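Biologist: I would like to learn how to read a model of a protein chain. Could we go through it feature by feature?

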Amino acid sequence: MWLNTTASPFLLTGFPGMEKAHHWISIPLLVVYSCILLGNGTLLFLIRDDHNLHEPMYYFLAMLAATDLGVTLTTMPTVLRVLWLNHREIGQGACFSQAYFIHTLSIVESGVLLAMAYDRFVAICNPLKYSSILTNTKVMKIGMGVLMRAGLSIMPIIVRLHWFPYCQSHVLSHAFCLHQDVIKLACADITFNRLYPVVVVFAMVLLDFFIISFSYILILKAVMGIASGEERAKALNTCVSHICCLLVFYVTVVGLTFIHRFGKHAPRMVHITMSYIYFLFPPFMNPVIYSIKTKQIQRGIIRLFSLPHTRA
């Protein structure tokens, strides 16, 4: 294996056949990107600024918001550059770095959702020991563990991209770099890079899903043991926001996987649109869900955007 010295740039692709409409297409994308930045940025500011939100549940929510911001800030520059300026070239180093962050943050999001499920499990099944189990130090260790797990697991396939020769067309199928797009252009044995991501998905994202599902079975069992109907409803209500975020994340994952696996004869535009939904819908919806369903967040937003009272 040798280092690729012919580092010709890759060419990103916007919406094929709709190049004349790129400026118009960029408008709704820019609105969505702006909403994502505003929504998740507001959540991070509130959690940092409001001492009432200095609890494990909101620390994990801050991790989710930071992850969503990371995905958006990683993809947004190249997407808008292609749509606004038709600037399609991207250097191989920049492309591989973008792919690394995109795929790492996807694994991070799954891990954060798992951590949030653990938080709800402890809060409902062992409420008296909640503060002693989920200390600030423990929350920090969980966050670092989630980040390291994702970063280290994605690194092997991205490092190998630097060593492949690329003698096929250098045209990618999206306005951002994805590992599965890049390896199609490699003129080398890519067996490892094809199989390893499947192992990562099964070992992490699917495992996370099964652990989350099992934790909610235990939560439901604990809730059903509560005598008061009002207390049962109150306990379940603390999980609603997290369950909604889980549905948003895993429905988009399943949708994207289904399109890639079984939609080989589907129009190319379907694949491109589904990729944008995957990267934009969860970051857009997560702050909306928590703003609607969490009273503490609602109160914080009202305080943040309300005009200061003038003194008489």
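Modeller: We can start with helix 5, and keep in mind that this is a predicted model. What covers the buried residues of helix 5 includes helix 2 (56-85), helix 3 (92-125), helix 6 (179-182) and helix 7 (191-224).

Biologist: Which residues of helix 5 are buried?

Modeller: The general idea comes first. An α-helix has 3.6 residues a turn, so residues three or four places apart point the same way. In helix 5, the buried residues are V139, I142, G143, V146, A150, G151, S153, I154, I157, I158, R160 and L161.

Biologist: How many residues does helix 5 have, and what span is expected?

Modeller: Helix 5 runs over residues 136-161, which is 26 residues. From first C-alpha to last it reaches 38 Å, close to the 38 Å expected at 1.5 Å a residue.

Biologist: Where does helix 5 have a kink?

Modeller: At M155, shortly before the proline P156, there is a kink of about 40°. M155 is itself part of helix 5. Its relative accessibility is 38%, so M155 counts as partly exposed. M155 can also be placed against H170: the two are 15 residues apart in sequence, and their C-alpha atoms are 22 Å apart in space.

Biologist: What does the span of helix 7 look like against the expected one?

Modeller: Helix 7 has 34 residues, which should span 50 Å at 1.5 Å a residue; the end C-alpha atoms are 49 Å apart, so the two agree. Helix 7 also has a bend, of about 30°, at V201. Among its buried residues are N193, D208, Y216 and V223. The cover over the buried residues of helix 7 includes helix 3, helix 5, helix 6 and helix 8 (229-262).

Biologist: How should I describe two helices that pack together?

Modeller: Two packed helices are described by the angle between their axes and the distance between the axes. Take helix 1 (residues 22-49) and helix 2: they pack at about 155°, and their axes are 9 Å apart. Helix 1 and helix 2 are therefore roughly antiparallel to each other. Their crossing is left-handed.

Biologist: What lies in the loop between helix 1 and helix 2?

Modeller: D50 has its place there. Its relative accessible area is 11%, so D50 is buried. Leaving out residues up to four places away in sequence, D50 touches G300 and R303.

Biologist: What should I look for in backbone angles?

Modeller: Most residues other than glycine have a negative phi, and most peptide bonds are trans. N86 has a phi near 55°, a positive value in a residue other than glycine. N86 is found in the loop between helix 2 and strand 2 (89-90).

Biologist: Is N86 buried or exposed?

Modeller: N86 counts as exposed, because its relative accessibility is 53% and the cut-off for exposed is over 50%.

Biologist: Which residues is H271 in contact with?

Modeller: H271 lies in helix 9 (residues 268-293) and, at 15% relative accessibility, counts as buried. Setting aside neighbours within four places in sequence, H271 is in contact with H174, I259, H260, G263 and A266.

Biologist: And what does K293 touch?

Modeller: K293 is in helix 9 too, and with a relative accessible area of 36% K293 is partly exposed. Not counting residues up to four places away in sequence, K293 touches N237, V240, S241 and Q298.

Conventions: Residues are numbered from 1 along each chain as its sequence is written. This is a predicted model: local features need pLDDT of at least 70, side-chain atom pairs count only at pLDDT 80 or more; totals for chains, interfaces and linings use all residues. Side-chain values use heavy atoms; hydrogens and water are left out. Helices (H or I, at least four residues) and strands (E, at least two) are DSSP runs, numbered from the N terminus. The expected span of a helix is 1.5 Å times one less than its number of residues. The bend at a residue is the angle between axes fitted to the seven residues ending there and the seven starting there. Buried means under 20% relative accessible area, exposed over 50%, partly exposed in between (1.4 Å probe, protein chains only). Contact means heavy atoms within 4.5 Å. Axes are lines fitted to C-alpha atoms, for helices over the stretch in contact, and angles run from 0 to 180 degrees between N-to-C directions. Angles under 35 degrees count as roughly parallel, over 145 as roughly antiparallel, 65 to 115 as roughly perpendicular and the rest as oblique. A crossing is left-handed if the near helix is turned anticlockwise from the far one by less than a right angle, and right-handed if clockwise.
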